[in-house]
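This report concerns an interface between two chains and one residue environment. The structure is shown first.

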Amino acid sequence: MSEPGILFSWFVEQREWSPVFARVAVGGVSFFAVVIPFLFFFEWVERKLGADFQARVGPNRAGWAGILQSLADFLKLGLKSSGKPRLARNKIWFLISLWLLFSTLAFLPLGSIFQTWNPEMGFLIPVALIFAAGVASCFLAIESGTGSSWLEGIRIASQSIAASFLGFLSLLIPGLRAGGYSFAHLEAAQGASPIRWLAFRDPFLFVSFLAFLLAGCLFLGIRPLRSQEARASGFSGAKLWAFHFSREYALFFWCAMTSSLFLGGASIGSFQDFFGSAAPLAELASLLSKCFFLMFFIRWFERTSPALRAEHGASFAWRTVIPFVFLAFLGELFFMTGGALWR
Amino acid sequence: MNETDLVSLTRGPVWSGFSQPFRLDMDVDGDRIVRCRTERGFCSKGLESEIESREWSSAILLADHLDNENAVFAELVLCEAVESIQGVAIPNRVRLVRLLICELVRISSHLGTLAAIARAAESEAAAHFLLRDRERLLDLMELLSGSRFSPRFFSFGRVAWEVTEGFLERAVESCREIRASIPEYNDLFTFHLSFLQRSTGVGVLTMEDAKAFGVTGPNARASGLGEDARKTVADAGYSRFDFAIPRGVGEYGSPGDVHDRVLIRVREISQSMDLVTQLVEAIPPREDASPDEAEKLGSKTPPIPPGEGYARVESPRGLLACYVVSDGGPKPASVQFRPAGRASFGALPSILKGASVQDVALIVESLGISMAEIDA
């Protein structure tokens, strides 16, 4: 996985494209071939799950058991205009937040087919991009021009700051264990078996795994870490669909990152030989199944929990989780050095 | 703390957070409400005038529209006010059947209010579970009268018709099923850590404010007042039944906060289910009814003599009263209701002062007010 991916190599070597274009092309292919089908499928599962909780049937009209409902919604909402006109700067912030968010496609750790590059700070860059997208969405809310949206922007900012600090702090621990933040380092530090996953290697890493997941939920405002007003996004039509889809993508991306950092990522270990030439597809399936599990768990928790106020989530992060993660970081440091730093 | 520039925010008359149409203008300092004003009247339908312009036989039908969720209470209070003019004695079976229907509707109403609170707290699963259980009671109402919300079941001095076959058994069975769901509500909602964090110490209606604004019902009881017309009104018919009035003591936060109002309603559901069981046991079998009672059950509305009548009942939203004047003619000379929720609505600016903007919907829904009734 640390080597350039199959698709990237094909574009560069066979088609003789420049690496930049090749990365864009790989990102595009992974978006249309993997991300969109997976998210459409997951949205269907989520809606069926929510319907089951509420003693409803859920989507059942478009396709078998309503499996094409997300596509139908995309077509319906995508063809609608976006309602009331907005200020130019509002549109700009909306586009900036989408651009920052979807530029993380270049870093999606989807296995050896879609791997494009392996920078030294491979895991820090996309997390930084996600938080930059959060800042842009904060400005988007503030610039919307109403008192409510201004307050919502402040709430997003408070949650984003707490989430970014928590996210980066909890990232330090697996990096410390793996000896770096590149995909190669993380891949080398863990294997396919759950007992070799970083999350279950020691208690400090487990704490950082939970904290990283929590940071994502806090950043995305997933219930219960969500304010009452968060639903009042003020979007309609195509923009509403883009807003929902980008939130769903951000959750997927965060879960893919969590899987790669703590749950063995796309690694299939000794099954490489078993799968033979289909091994890259098995890697992809391995990562997507882990993402599915994490997303399912998060959405299940969300569906059954009342919402907290925005300050509750931020306060929980600052007062409870961040001190814990800091202690876990010190513990991991002590564990790694065998106490040498303290002697 | 220095006050920063205040921002004006408006919610309603139609807003996703409110299940009822009214307008709330707030001045907020940061996230905190400094002061607010309410505006109502968006549901005004001139109900009292409408009743006065129709014959007595239409009065009960129209009274159903005072508060659609609790239609039988408006029917009951109007009937009792008219019966006080008539000076008639209500047959025992009729009285008990009326109380039974009222208790079933009280459970249904509280379940609906709790579902609205759960929705305001964004607890989707709990809201749907509560509505699922309310469906059992609405099905019962349909079995009873063919209508789920406006049964038009009561009549002056009697009930409109006999309860349907198997209704009493099904009422007890439904209560048993709902009782089994209460631990589920508690886990998902009432005692869920997130909801406790969200609702304790929020939207406090103090006992002094409750008294000053004349708040009654579950909202007043959550604030520590023990008033309940089922106990205080001598001829309410509840004297022979064993039940206690729950009061809020601020078990998890302050007395009279959102959580207390939820807790009181959950306890009243449980209490009403006990009452349903007692009432079903107390209702005399149909064949045991005296010839006079059986005759009354099927008789037509007699003419209403001249006079004034006043009645009070404990509706799920609080004290519901009705004042009726008859001049002996075919139409009521005057009909006036004292809606239960108007006092709670009046106390809203006082409750919201100092609260977070994020809690507005939750606080409003926790009061369980009905704008249809208030604007009547």
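How many residues do chain A and chain B each bring to the contact? Chain A gives 24 residues and chain B gives 29 residues, contact meaning heavy atoms within 4.5 Å. The model is predicted: local features need pLDDT of at least 70, side-chain atom pairs count only at pLDDT 80 or more, and totals for chains, interfaces and linings use all residues. Residues are numbered from 1 along each chain as its sequence is written, chains are lettered from A in the order in which they are written, and side-chain values use heavy atoms, without hydrogens and water.

The interface between chain A and chain B is summarised below.

| Quantity, chain A and chain B | Value |
|---|---|
| Buried area | about 2,400 Å² |
| Share on carbon and sulfur atoms | 48% |
| Salt bridges | three |

Buried area is the accessible area (1.4 Å probe) that two parts lose on being put together, summed over both. A salt bridge is a side-chain nitrogen of Lys or Arg within 4 Å of a carboxyl oxygen of Asp or Glu. One salt bridge joins E311(A) to R32(B), with 3.8 Å between the closest N and O atoms.

On the side of chain A that touches chain B, two or more residues come from each of α6 (147-178) and α12 (310-337) of chain A; helices are DSSP runs (H or I, at least four residues), numbered from the N terminus. The largest share, four residues, belongs to α6(A).

F11(A) lies in helix α1 (residues 6-14) of chain A. F11(A) is buried, at 9% relative accessible area, where buried means under 20% (1.4 Å probe, protein chains only).

Key: Buried means under 20% relative accessible area, exposed over 50%, partly exposed in between (1.4 Å probe, protein chains only).
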